[in-house]
Amino acid sequence: MENRSQESIFRPGDATRDGPEVPSCRGRRPVFSSAITFIGLFCLWVVLSGKWDVFHLTLGVISCLIVTTLSRDLIFPNSNTSGFLRTGGCFLLYIPWLLYKIFMANLHVLFLVFHPRMMDRIDPRIFRFQSGLKKDLSLVTFANSITLTPGTITVYVSVSGTVTVHALDRKSREGLPGHMEKRIASVFNEG
């Protein structure tokens, strides 16, 4: 019989020296957050495709499973789904307000374009401001809301929260960050 040393090579997956291996929850996602992501994506697929036959629904299921697997950290970055329903409800209330602001900004741009002294009123500038938003999803929502509003375009958002915006005139610049940032902060429960 060979004399083997008491020392053994430890490999991941083997039992530890102190007992059986304890499964780690680190890196695993709760089923709830993945299911919500899949259901949301699949509903969007059905609405946008408008096809109800087996072929298109199967393609939708396969596509949504792949996207859910690859990008599930975007919606629930810390496996925190506790405030999802509250955030979702607040976001649904934010959408009509944003649509109203988009409509009003459209009227303002229309006024600028058809004004007899258009060149005196248009004063395009790129400017920066520090946003008070900290969460990635709220910063992205804020940047997209600025871009959706005519007369302003988000050029860049830094990790630290500095937002660079191109605005068509002085009135468009004055409104930022303003009320839109406060609304988004309340939607995503910041501050």
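In this predicted model, the buried residues of helix H7 (178–187) are Met-180, Glu-181, Ile-184, Ala-185 and Val-187. Because these residues cover an arc of only 160° around the axis, they lie on the same side of H7. The points below follow H7 into the nonpolar core and then turn to a pocket that H7 helps to line.

**Helix H7 and what follows**
- After H7 comes Asn-189, a residue whose phi is positive, near 55°.

**The largest nonpolar core**
- The largest nonpolar core is made up of 19 residues, and those with the most contacts inside it include Met-180 and Ile-184, together with Tyr-94, Phe-129, Phe-142, Ile-146 and Val-165.
- Two or more residues of this core come from each of helix H3 (84–114), strand S1 (125–130), helix H5 (136–148), strand S3 (162–167) and helix H7.
- Leaving aside residues up to four places away in sequence, Ile-146 touches Phe-129, Thr-152, Ile-153, Thr-154, Val-163, Val-165, Leu-176 and Met-180.

**The second largest pocket**
- The second largest pocket holds about 450 Å³ of space, and of the 17 residues that line it, Lys-101, Ala-105, Thr-149, Lys-171 and Gly-175 are the closest to its centre.
- H3, helix H6 (170–174) and H7 are the elements that give two or more residues to the lining of this pocket, and H3 provides the largest share, with 6 residues.
- Sorted by class, the lining of the second largest pocket consists of 9 nonpolar, 6 polar and 2 charged residues.

How values were computed: Residues numbered from 1 in each chain as written. Predicted model: local features only at pLDDT ≥ 70, side-chain atom pairs only at ≥ 80, totals over all residues. Heavy atoms only, no water. Core = buried A, V, L, I, M, F, W, Y, C linked by side-chain atoms within 4.5 Å. Buried < 20%, exposed > 50% of the residue type's maximum accessible area, 1.4 Å probe, protein only. Helix = DSSP H or I, 4+ residues; strand = E, 2+ residues; numbered from the N terminus. Contact = heavy atoms within 4.5 Å. 1 Å grid on protein atoms, 1.4 Å probe; cavity = no way out; pocket = protein on both sides within 12 Å on 5 of 7 lines; lining within 4 Å. Points joined across faces, edges and corners; volume = space filled by probe spheres on them. Nonpolar A, V, L, I, M, F, W, Y, C, P; charged D, E, K, R; others polar. Arc of directions from axis to C-beta.
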